[in-house]
Amino acid sequence: MTQPVRTVPAGFFGMILGLVGLGSSWRVAARLWGLPPDIGEAIMAVAFVVWLILTAAFWYKWIAHRAAALEEIHHPINCCFVGLAPSSTVLMAVVLAPHFHALAMIALIGGAIGQVAFGVWRFGGMLEGDRDVSTTTPVIYLPSVAGNFIIAIGAGTLGFTSWGILFFGVGLFSWFALESIVVFRLLNVASLAPPLRPTIGIQLAPPVVAVVAFLANTQGHPELLTQAAWGYGLVQLLLVLRLFFWITKQPFAPSYWAFSFGITALSTGALAMTERGVTGAIAQMAPVVFVFTNVVMAVLIVGTLVRIAQGKLLPSPPPAPAASPA
């Protein structure tokens, strides 16, 4: 009888989003406050290595354990995490841009094509209906909101701002369309099961990632609506903190990285707006948010390393079907 195997879930690519977000925050902090630039570049290098490992493991799953890969991509919740694979590839453009422009271009174009193709396929399938409303969670932001904001960030970083604004618009209006649906589900349907509760961390990402995406494609003093969107993200963080004990009934798992992209974008947005001349509340909170972000990311990184040391990072495989009686 074939023994079930552990495979790398697509959700692990969320680690890349958090690491690149942290590296981006340090890059801005180095320019703004004169902090060592090597720290940000070291974090980006770690993100690149982790991306290589996860990408190889993900493709190996599709080649050697296709049944597990197909089950994931057709799962009503886990399917949305698959979009993180091309999205994280786009983020490699941000990592590589200061050092290897040609490779950054390849990452941007390849990742963007993959993200658009997956987003249209996956979200188009959702529009066919026949979905259990309880399977609607914040992960549905990933294919149509996060993915497009990430392409906007990559495009803006490499100077393709006309394309960046287009993808920013797709992400923005997709967020507007989905936010009320997700909130309605959280308010009115059965409580999320403990293993799914860390996905609430994705809820704080859209407004602050939108800020980073907009800043990547514009110049000058940030507009008032950009600052207001950052404030909405700050309130989302406060709501997450309000739910801390409810969320942490789930023991530490890689799913907690769902908080990382939103938290790091909150920091990057505040620092970038301060660098571009914003004063007052956001500039005053920027150092506090930066420190808080680094503490949260340190907890996530240490927790992940502990799980690796324990041999418990990968989820347990589903039990093998019982053998039929002779």
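This is a short chat about the predicted model shown above.

Student: What should I know about the model before we start?
Tutor: It is predicted, so local features need pLDDT of at least 70 and side-chain atom pairs count only at pLDDT 80 or more, while totals for chains, interfaces and linings use all residues. Residues are numbered from 1 along each chain as its sequence is written, and side-chain values use heavy atoms, with hydrogens and water left out.

Student: How many helices and strands does the chain have?
Tutor: The chain has 12 helices and 0 strands. Helices (H or I, at least four residues) and strands (E, at least two) are DSSP runs, numbered from the N terminus.

Student: What radius of gyration does the chain have?
Tutor: The chain has 19 Å, and this agrees with the value near 20 Å for a compact globule of 326 residues. The radius is taken over C-alpha atoms, and the globule rule is 2.2 Å times the number of residues to the power 0.38. Along its principal axes the C-alpha trace spans about 75 × 45 × 40 Å.

Student: Now S25. Buried or exposed?
Tutor: S25 is buried, at a relative accessible area of 0%. Buried means under 20%, exposed over 50%, and partly exposed in between (1.4 Å probe, protein chains only).

Student: Where does S25 sit, and what does S25 touch?
Tutor: S25 sits in helix α1, residues 14-33. Leaving out residues up to four places away in sequence, S25 touches T264, S267, T268, L271 and F290. Contact means heavy atoms within 4.5 Å.

Student: And N294, which residues does that one touch?
Tutor: With the residues up to four places away in sequence again not counted, N294 touches L22 and W26. N294 is in helix α12, residues 281-310. N294 and W26 are 268 residues apart in sequence and 9.6 Å apart in space, C-alpha to C-alpha.

Student: What does the side chain of N294 reach?
Tutor: The backbone oxygen of F290, at 2.8 Å.

Student: Changing topic: which residues form the nonpolar patch on the surface with I106?
Tutor: F100 and L103 join I106 there, and the three together have about 320 Å² of accessible area. Patch residues have over 30% relative accessible area and no salt bridge (a side-chain nitrogen of Lys or Arg within 4 Å of a carboxyl oxygen of Asp or Glu). Like charges are joined within 9 Å, and nonpolar side chains (Val, Leu, Ile, Met, Phe, Trp, Tyr) within 5 Å. Areas come from the Shrake-Rupley method with a 1.4 Å probe, and for residues only the protein chains shown count as cover.

Student: What about I106 itself?
Tutor: I106 lies in helix α5, residues 101-126. I106 is exposed, with a relative accessible area of 57%.

Definitions and conventions. Polar contact = N/O pair within 3.5 Å; in protein donor to acceptor, adjacent residues only side chain to side chain.
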